[in-house]
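Dear colleague,

Please find below the structure that I am handing over to you. My notes on it follow directly after.

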Amino acid sequence: MARRSNNLVVPQATAALQRLKLEAAQELGVTIPQDGYYGNYTSRETGSLGGYITKRLVQQAEQALQGSGRTL
C-alpha cells in the first residue's frame, strides 16, 4: 500500500474532498479505482483529475472570499 505524504489541514474535510474527487472524475470520464490504487492509470488521467479538482477548489475559495468582502 502506498504511503501518503499529503496530510489534510482539516481532517473533517475528508468526506467533502472525496465527494469532490468523485464528481470531478465523473465529469472528466475517469473511473475511480475501488481499491484506491492508481498505478494502472496514465499520468494524463490522474493529472487532469488533480488539476480539475484544484481548479474547483480555487473557484470555491474565490467565491467564499467574494461573499465575505475580503480581498486576496
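Glu27 is partly exposed, with a relative accessible area of 49%. Please bear in mind that this is a predicted model. The side chain of Glu27 meets that of Arg56 in a salt bridge, with an N to O distance of 3.4 Å. Because Glu27 lies in helix 1 and Arg56 in helix 2, this pair ties together parts that are 29 residues apart in sequence.

Arg56 also forms a salt bridge with the side chain of Glu23, at 3.0 Å from N to O. Here, too, distant parts of the chain are linked: Glu23 belongs to helix 1 and Arg56 to helix 2 (residues 43-68), 33 residues apart. Glu23, Glu27 and Arg56 are thus linked in a network of salt bridges, and a search of the whole structure finds two such bridges.

As to accessibility within this network, Arg56 is buried, with a relative accessible area of 16%, whereas Glu23 is partly exposed at 36%.

Regarding the overall fold, the protein has two helices and zero strands. Of its 72 residues, 12% are buried. Among contacts with a separation of 6 or more, 47% involve residues 24 or more positions apart.

Turning to the surface, the protein exposes about 6,200 Å², of which carbon and sulfur atoms supply 52%. Leu8, Leu17 and Leu57 form a nonpolar patch there, with about 210 Å² of accessible area together. Leu8 lies in the segment before helix 1 (14-28) and is partly exposed, with a relative accessible area of 40%.

With kind regards

Notes:
Residues numbered from 1 in each chain as written. Predicted model: local features only at pLDDT ≥ 70, side-chain atom pairs only at ≥ 80, totals over all residues. Heavy atoms only, no water. Patch = residues over 30% accessible without salt bridge, like charges linked within 9 Å, V, L, I, M, F, W, Y side chains within 5 Å. Areas by Shrake-Rupley, 256 points an atom, 1.4 Å probe, with all protein chains shown as cover. Salt bridge = Lys/Arg side-chain N within 4 Å of Asp/Glu carboxyl O. Helix = DSSP H or I, 4+ residues; strand = E, 2+ residues; numbered from the N terminus. Buried < 20%, exposed > 50% of the residue type's maximum accessible area, 1.4 Å probe, protein only. Contact = heavy atoms within 4.5 Å.
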